Amino acid sequence: MTITPDRFQDLTRRTVVLGGTGTTGRRVAARLSAAGVPTRAVGRSTPIPFDWTDASIWRPAVDEARAAYVAYSPDVAAPGATEVIAELLETLHGAGVEHVTLLSGRGEPAARAAELLVENSGLSWAVVRSAWFAQNFSEGYLRPAVMGGVLAIPAGGVTEPFLDVDDLAAVAAATLTDARHAGRVHELTGPELLTFDDIAATLSRAAARPVVFADVTRADFIDGAIADGIPEDVVVVLDHLFSEILDGRNSSLTDDVERALGRPATPFASFAEAAARAGSWSDAGGASPSGAPVADAAAAH
Ligand SMILES: NC(=O)c1ccc[n+]([C@@H]2O[C@H](COP(=O)([O-])OP(=O)(O)OC[C@H]3O[C@@H](n4cnc5c(N)ncnc54)[C@H](OP(=O)(O)O)[C@@H]3O)[C@@H](O)[C@H]2O)c1
């Protein structure tokens, strides 16, 4: 990544990555660190802990930071998220943080409420509003379904523009280091619209194991997700999201990845081949890009 210093920025000051051990956060943190930006990735078990449910411990995590990346858990569209983001923004103000980049979800009215708080926060801001992560199938809550050979999702024939999280992390890192990306909602999609049938076929080829898509009812999805070990509170969020966003509202492409990075977004097949080479669907249990165990199911869609 090339850092473009801006006279309004001091890249010797720290960037804090909230959700820094998660799917997007650890990639954002790795990119910033590789570029020489002092970076603190925080989660509930990091040396300086950060817990969304306990605002009394937020300040040490964000003190002395210039910028913050915010990946809210379990989901920015979950009930209560807006109130927590509002409290976080106050804390960031109080700590002298100058810039915030919020990870948001495409087509979710509840996520838009959090985006508006960030846009009106008085801080320098950027929103990274993402389509479904491709990595949901390799590291996230849909990996057990891939391993079991059946993607049971109430999706019908809807198309979605699945996004490689490495592209998202590159754009997020740019918003955190280059002021030209600030003050914008970056609506990120992959380069193609795919049905879940298409996804199953591509995963079958890349992972060299049979994977099929099954269009199920919401009730069947809930039963299957719980059987896959997804925590019940997360299943509730997923069910709500799926009922809301799997109606074709996100069946369109943007060129925001290319506009931010100067190169096209990564095709799903390229993601799948790279994930297979990295052992994501090996019977040994899969690996994250950092070598850590695959993430627990946590964030939605
Ligand atoms: N999945 C998708 O397709 C998709 C698409 C668009 C937007 N999103 C958004 O992505 C966000 C999630 O980001 P992600 O996928 O990068 O994360 P993730 O892989 O779901 O990991 C969750 C991260 O948050 C931390 N965390 C969990 N509970 C926490 C708590 N109570 N307090 C503090 N930290 C906590 C985890 O660390 P510890 O467990 O170590 O604490 C981890 O770093 C959600 O807001 C969702 O709306 C997801």
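Helix H1 passes helix H6 in a right-handed crossing, right-handed being the case where the near helix is turned clockwise from the far one by less than a right angle. The model is predicted: local features need pLDDT of at least 70, side-chain atom pairs count only at pLDDT 80 or more, and totals for chains, interfaces and linings use all residues. Residues are numbered from 1 along each chain as its sequence is written.

The axes of H1 (residues 25–34) and H6 (residues 165–177) come within 9 Å and cross at roughly 55 degrees. H1 is therefore oblique to H6, oblique covering angles that are not under 35, over 145 or 65 to 115 degrees. Contact here requires C-beta atoms, placed from the backbone, within 7 Å. The residues that make it are tabulated.

| Helix | Residues in the contact |
|---|---|
| H1 | Arg 27, Val 28, Arg 31, Leu 32 |
| H6 | Val 165, Asp 166, Ala 169, Ala 170, Ala 172, Ala 173, Leu 176 |

By class, this contact has eight nonpolar, no polar and three charged residues.

H6 also gives the most to the largest nonpolar core, with nine residues. That core has 93 residues, and Ala 68, Val 70, Leu 151 and Leu 163 have the most contacts inside it. Beyond four places in sequence, Leu 163 touches ten residues' worth of neighbours including Trp 132, Phe 133, Leu 188 and Ala 265.Such a core joins buried Ala, Val, Leu, Ile, Met, Phe, Trp, Tyr and Cys residues through C-beta atoms within 7 Å, buried meaning 20 or more other C-beta atoms within 10 Å.

Glu 98 lies in the loop between helix H3 (81–94) and strand E4 (99–105). Glu 98 is partly exposed because 17 other C-beta atoms lie within 10 Å, a count between the limits of 12 or fewer for exposed and 20 or more for buried. Leaving aside neighbours within four places in sequence, Glu 98 contacts Arg 66, Ala 67, Leu 123 and Ser 124.

Key:
Axes are lines fitted to C-alpha atoms, for helices over the stretch in contact, and angles run from 0 to 180 degrees between N-to-C directions. Helices (H or I, at least four residues) and strands (E, at least two) are DSSP runs, numbered from the N terminus. Two residues are in contact if their C-beta atoms, placed from the backbone, lie within 7 Å. Ala, Val, Leu, Ile, Met, Phe, Trp, Tyr, Cys and Pro count as nonpolar, Asp, Glu, Lys and Arg as charged, and the others, Gly among them, as polar.
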